[in-house]
Amino acid sequence: MDTQKQLDDFQKRIDNGETIEPKDWMPERYRKQLVRMMSQHAHSEIVGMLPEGNWITRAPSLKRKMVLLAKVQDEAGHGLYLYSGTETLGVRRKELIEDYIYGNAKYSSIFNYPTLTYADICVIGWLVDGAAIVNQTMLAKSSYGPYARANLRICKEESFHKKQGYEMLAKMASGTPDQKKMAQDAVNRWWWPTLMMFGPNDSDSPNSAELIKWGVKTKTNDELRQHFVDRSVMEAEAIGITLPDPDLTYNEETGHWDFGDIPWDEFWSVVKGDGPMNRERIKARRKAYEEGEWVRKAAKEYAHKKSLEKAS
Amino acid sequence: MSTFDTIPQTKKEIFTEILLRLADDRLILGHRLSEWAGHGPELEEDLALANIALDMIGHSSALYEYAAKLDNKPDEDHYAYFRDDIDFKNIALVELPKGDFAFTIARQFLFSSFSYFLYKDLTDTIDDEEFNGMLQKHFKEIKYHLRHSREWVLRLGDGTEESRRRIQHAFDELWMYTGEMFEMDKTFELATENRFYTDVLKWQIDWKEFINTTLEEATLIVPDYDQYMFTGARAGRHTEYLGFLLSQMQFLRRSYPDAEWK
């Protein structure tokens, strides 16, 4: 059991803005929350490769094909160092992976939606990565050193992805009638799920207060969401895209954009596994994992043989 | 004479043809590798295969861009998106479906080792500065592709019973598609005379030696070099797989050809 003195000292360090490193003492609950958050973040990067990978072979120009491949490659990289970061907390990558492909561990629900047209790829860059950046910019100041550093690095790459997605969407939105239709349709489908990415309203978010107290997060879900909405309204307007929310109005008093009710029923249903692509995503990851088993075994066996040869 | 057998006449035509042959090989293999994104056996391989795919598509794009300049075509996409399979000049080896990880690795090893010898020779041979500079840049990346696939050939060959069986099977299946790499047709001969290509038969024996050494180290059996070899893909006579690959790759661009997609 963590003693009160330990907890108080830990809280003092957090309040002083110190960074917690892997070898430092930390409350068991803090460790658990971080394992949960970091591994969910890692799983999201990996599952996120699927909806985007869906368009690599069909990308409409060599330039866009390379942009998309590089982006998917970056995501594998993010997954890799987030798993490594999580391993500093005493868990193994294998366990974490098996937790989400066979168990109940979560990943971002946004990836349970399908990418139907190429415009979806642009919108994922603009909105989904844009929302991720808002969240990760905050997490780059997280109290846990390895997680903060991972987010700092991820943010830099995500900003690039967002820029590329937004630019291409702008081209489509001012392109041929077919392109305009695809662009607007994609925004219509992705807008609400993107707002859900910030998590439930503060009043329904059981983890928030604790995470803020420990400096893992510094802003609430609703604060982050509002920041994202304010920014997106301007960005949408600049490229002639309409956000699918008739209630979106500027509030003179608060200086923010008010928005309509988020369909939370849909959110909870997707979180629980009933979304359009949940089963597909898990099936694809499970298939890759199981079909890769003989490869991982061979690599292990080979390394073992080589180490024996070296020793003798 | 069928259109397939048209032999380029002018220097410019010969040069363009070489650029397209090199580019098509790399685009199509890059495409096959890109199919792995998100489906690799481990995260490190998702990263590595996407990286190699990206390099290869990047190489093809640069080669197409140069060809477009010589050939007065709008851009690199013209070649990738607006030609049919009978106009693609890649060898059949690169268009075969990706198969399992062993198949992907064995093919990459065969292709990257050939590319290694080829680019090493070409960078010593090519007079055209822009082309040579491009090849030198790509050569650096090819060295990494070769190292990556060679290490995996060793791991899979000398790993478990299952991995040895799978990679041996892959080499056996792929062998009949290796002949095209060393075919010197009239176009290649003309290009060699003009210093746009090189006589690959000069170092075929060195390539074989390299393959034999690696396969033996991996405890694998080297298939028979004197077996039936597939031929004709460079002249547009492809396998049935290429058409499906292209229909996927080209559909969006061809459906909306007047739209801006870059």
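In the predicted model, B:Asp55 is situated in helix α2 of chain B. With a relative accessible area of 13%, B:Asp55 falls under the 20% cut-off and therefore counts as buried. Beyond its neighbours within four places in sequence, B:Asp55 contacts B:Glu141 and B:His145. The side chains of B:Asp55 and B:His145 are joined by a polar contact of 2.8 Å. The C-alpha atom of B:Asp55 is also separated by 8.6 Å from that of B:Ile142, a residue 87 places away along the chain.

Helix α2 of chain B also takes part in the contact with chain A. This contact draws 50 residues from chain B and 47 residues from chain A. The two chains bury about 4,100 Å² between them, and carbon and sulfur atoms account for 70% of that area. Between chain B and chain A, 13 residue pairs are in polar contact, both residues of each pair being at pLDDT 80 or more. On the side of chain B that touches chain A, two or more residues are given by each of α1 (11–34), α2 (43–71), α3 (76–81), α4 (101–125), α5 (129–157), α6 (161–174) and α9 (241–255) of chain B. The largest share of this side, 12 residues, is contributed by α2(B). Classified by residue type, the side of chain B that touches chain A comprises 23 nonpolar, 12 polar and 15 charged residues.

Salt bridges were examined next. Over all chains, 40 salt bridges are found in the whole structure, and 2 salt bridges cross the interface of chain B and chain A. In one salt bridge, the side chains of B:Glu44 and A:Arg93 meet at 2.5 Å, N to O. Because B:Glu44 lies in helix α2 of chain B and A:Arg93 in helix α4 (residues 93–101) of chain A, the pair joins two chains. B:Glu44 is partly exposed, at 29% relative accessibility.

Within chain B, the side chains of B:Arg21 and B:Asp185 form a salt bridge at 2.8 Å, N to O. B:Arg21 belongs to helix α1 of chain B and B:Asp185 to the loop between α6 and α7 (186–193) of chain B, so the pair ties together parts that are 164 residues apart in sequence. The partners differ in accessibility class: B:Arg21 is buried, with a relative accessible area of 4%, whereas B:Asp185, at 28%, is partly exposed. A further salt bridge links B:Glu35 with B:Arg32, their closest N and O atoms lying 2.9 Å apart. Here B:Glu35 is partly exposed at 22% relative accessibility, while B:Arg32 is buried at 8%. In chain A, salt bridges with shared partners connect A:Glu52, A:Lys71, A:Glu75 and A:Asp129 into one network.

B:His238 is located in the loop between α8 (204–217) and α9 of chain B and is buried, with a relative accessible area of 15%. A polar atom of the B:His238 side chain lies 2.7 Å from the backbone oxygen of B:Phe88. Residues up to four places away in sequence aside, B:His238 touches B:Asp85, B:Phe88, B:Lys89, B:Asn90, B:Glu95, B:Phe230 and B:Ala233.

In chain A, helix α9 (residues 221–238) has 18 residues and should span 26 Å at 1.5 Å a residue, which agrees with the 26 Å between its end C-alpha atoms. Among the buried residues of α9(A) are A:Leu224, A:Arg225, A:Phe228, A:Asp230 and A:Glu235. The cover over the buried residues of α9(A) includes α5 (118–139), α6 (145–173), α7 (177–196), α8 (208–213), β2 (256–258) and α10 (264–271) of chain A. Just after α9(A), A:Gly240 adopts a positive phi of about 75°.

Conventions:
Residues numbered from 1 in each chain as written. Chains lettered and ligands numbered in written order. Heavy atoms only, no water. Contact = heavy atoms within 4.5 Å. Buried area = accessible area lost by both parts, 1.4 Å probe. Salt bridge = Lys/Arg side-chain N within 4 Å of Asp/Glu carboxyl O. Polar contact = N/O pair within 3.5 Å; in protein donor to acceptor, adjacent residues only side chain to side chain. Helix = DSSP H or I, 4+ residues; strand = E, 2+ residues; numbered from the N terminus. Nonpolar A, V, L, I, M, F, W, Y, C, P; charged D, E, K, R; others polar. Expected span 1.5 Å × (residues − 1). Buried < 20%, exposed > 50% of the residue type's maximum accessible area, 1.4 Å probe, protein only.
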